[in-house]
Amino acid sequence: MGAVLAIRILPVLASSNWGTASDAVLLDASARRVQAAFAVLVSRYYKDVYRVVWRISGGHADSEDIAQEAFLRLWAKPEQLREAKALKGWLLRVASNLVMDRFRKKPLQDLDTAFDVVDGAASADEQMGLAYVSKTMDAAIAQLPDRQKLALTFVHFEQMTNIAAAAHMEISVDALESLLARARRGLKECLGPQGTQLLRAMEKD
Amino acid sequence: MTGKDMILSEEELDGLLDAAGVPEIPWGAEQRLMVRVASESLNNVVPFPQRAKPAPAGVWRWQMPAALAASLMLGIWLGTQGPVSNAVAAATESAMLGSDSDFGPAGIDEIGSFDADNAT
């Protein structure tokens, strides 16, 4: 009942006058508990947050819960953000910390993609297809250390500049570049000879 | 295939990364989030304390205020009359002046001639 009501109301709320308001105005209104303003913030940033959570958690089923939790923390205290322009970075940082905290306690075990990447016994040529390449890459990324995974996600998948990604992670650009280099080297080592087989499979597909 | 051939170049790795899965946003996820926001808002409402119930209507409702008001009025009146003994003397004098008889009102003489030592 509540969900149906929200599905009907949300587009109305988001398309109200708040739709064109700046993040600063929306945050201020959210601090005054205006749900319509917060709904606009959700529609602006939810996809970004969900994608990052999904990538870092390796596509875990809890991705939606974690993305929700990040937004609920913002709703609980919108005034904790000093600058509205830092909103996206704040959300991504909170969400990625939530992922790391959750899976530090409960390691990633029930991943759909967590099959053994290093085992190249089953030829990529035989397995065929882009879907196989995609799953193999997801599993390889999932095996990277969290910080490397986050750096790779921001720069490669979210198309951020190194400067923006470093700012979001609250580290120096040099540190970010080091994380990226280690992530890429780790991926190459993880894929090993299977990498070239995956490339061939991609060309065939 | 040599060992060197097995290692991917940067461009090849980028190509494989581009082939990685792209998450689909679950249908209705934003709406579900807003439902939670709404429910959190409801849960955070602190109810104001209930107003005290008004006293029951009826005759007894005015008993105490009426007694207090009467007491106040009596106090004000006595205050304007000076000491109570003066008021009694003034009342006696006016009663005597208004009377044609040689005697004062019943009992006044007795008060003046009262001898406490002989009282039994």
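## A two-chain predicted model at a glance

A:Leu187 is found in helix α10 of chain A, and this residue makes a handy way into the structure. Leaving aside neighbours within four places in sequence, A:Leu187 is in contact with A:Ala140 and B:Leu13, one residue from each chain. Please keep in mind that this is a predicted model. Below you will find the contact between the chains, the nonpolar core of chain A, some individual residues, and a word on confidence.

**Where the chains meet**

- On the chain B side, 28 residues are in contact with 40 residues of chain A.
- Three elements of chain B give two or more residues each to this side: α1 (3-6), α2 (10-18) and α3 (29-43).
- Of the elements of chain B, α3(B) gives the most, with twelve residues.
- By residue type, the side of chain B that touches chain A divides into 17 nonpolar, five polar and six charged residues.
- Back at A:Leu187, 22 C-beta neighbours lie inside 10 Å, so this residue counts as buried.
- A:Leu187 and A:Gln143 are 44 residues apart in sequence, but their C-alpha atoms are 8.8 Å apart in space.

**Chain B as a whole**

- Chain B has six helices and zero strands, so to read its elements from the N terminus on is to read α-α-α-α-α-α.- Of the 120 residues of chain B, 9% count as buried.
- Helix α4 (residues 63-80) of chain B has 18 residues and reaches 26 Å from its first C-alpha to its last, close to the 26 Å expected at 1.5 Å a residue.
- How many residues of α4(B) are buried? The number is zero out of 18, so α4(B) lies largely in the open.

**The nonpolar core**

- The largest nonpolar core has 62 residues.
- Among the residues with the most contacts inside this core are A:Val42, A:Val49 and A:Val53, along with A:Ala67, A:Ala70, A:Ala95 and A:Ala151.
- Helix α3 (residues 35-56) of chain A supplies the largest share of the core, 15 residues.
- Where does this core lie with respect to domain 1 (1-107) and domain 2 (113-205) of chain A? Both domains give residues to the core, so it lies between them.
- In soluble globular proteins, nonpolar side chains tend to be buried together.
- A:Val49 shows the packing at one position: not counting residues up to four places away in sequence, A:Val49 touches A:Ala67, A:Ala70, A:Leu91, A:Leu92 and A:Ala95.
- Two of those partners, A:Ala67 and A:Ala70, are buried residues of α4(A).

**Helix α4 of chain A**

- α4(A) has 14 residues and spans 20 Å from its first C-alpha to its last, close to the 20 Å expected at 1.5 Å a residue.
- The buried residues in α4(A) include A:Ser63, A:Ile66, A:Gln68, A:Phe71, A:Leu74 and A:Trp75.
- Just before this helix in the chain is the loop between α3 and α4 (63-76) of chain A, and A:His60 lies in that loop.
- A:His60 has 24 other C-beta atoms within 10 Å, and is therefore buried.
- The C-alpha atoms of A:His60 and A:Val99 are 9.8 Å apart in space, while the two residues are 39 apart in sequence.

**A buried arginine**

- A:Arg55 has its place in helix α3 of chain A.
- Is A:Arg55 buried or exposed? With 27 C-beta neighbours inside 10 Å, A:Arg55 counts as buried.
- Leaving aside neighbours within four places in sequence, A:Arg55 is in contact with A:Thr153 and A:Phe157.
- A:Arg55 and A:Thr153 are 98 residues apart in sequence and 6.9 Å apart in space, C-alpha to C-alpha.

**Two loop residues with positive phi**

- A:Arg33 has a positive phi of about 65° although it is not a glycine.
- The loop between α2 (23-31) and α3 of chain A holds A:Arg33, and with 14 other C-beta atoms within 10 Å this residue is partly exposed.
- A:Glu170, again not a glycine, has a positive phi of about 60°.
- The loop between α9 (162-169) and α10 (173-191) of chain A holds A:Glu170.
- With 9 other C-beta atoms within 10 Å, A:Glu170 is exposed.

**How far to trust chain A**

- The mean pLDDT of chain A is 82, and 80% of its residues reach 70 or more.
- Over residues 109-121 of chain A, pLDDT stays under 50, and for this stretch the model has 28 contacts beyond four places in sequence.
- Where pLDDT is low, the predicted coordinates should not be read in detail.

Conventions. Residues numbered from 1 in each chain as written. Chains lettered and ligands numbered in written order. Contact = placed C-beta atoms within 7 Å. Helix = DSSP H or I, 4+ residues; strand = E, 2+ residues; numbered from the N terminus. Nonpolar A, V, L, I, M, F, W, Y, C, P; charged D, E, K, R; others polar. pLDDT = per-residue confidence, 0-100. Expected span 1.5 Å × (residues − 1). Buried ≥ 20, exposed ≤ 12 C-beta atoms within 10 Å, placed from the backbone. Core = buried A, V, L, I, M, F, W, Y, C linked by C-beta atoms within 7 Å. Domains from an automatic or database assignment.
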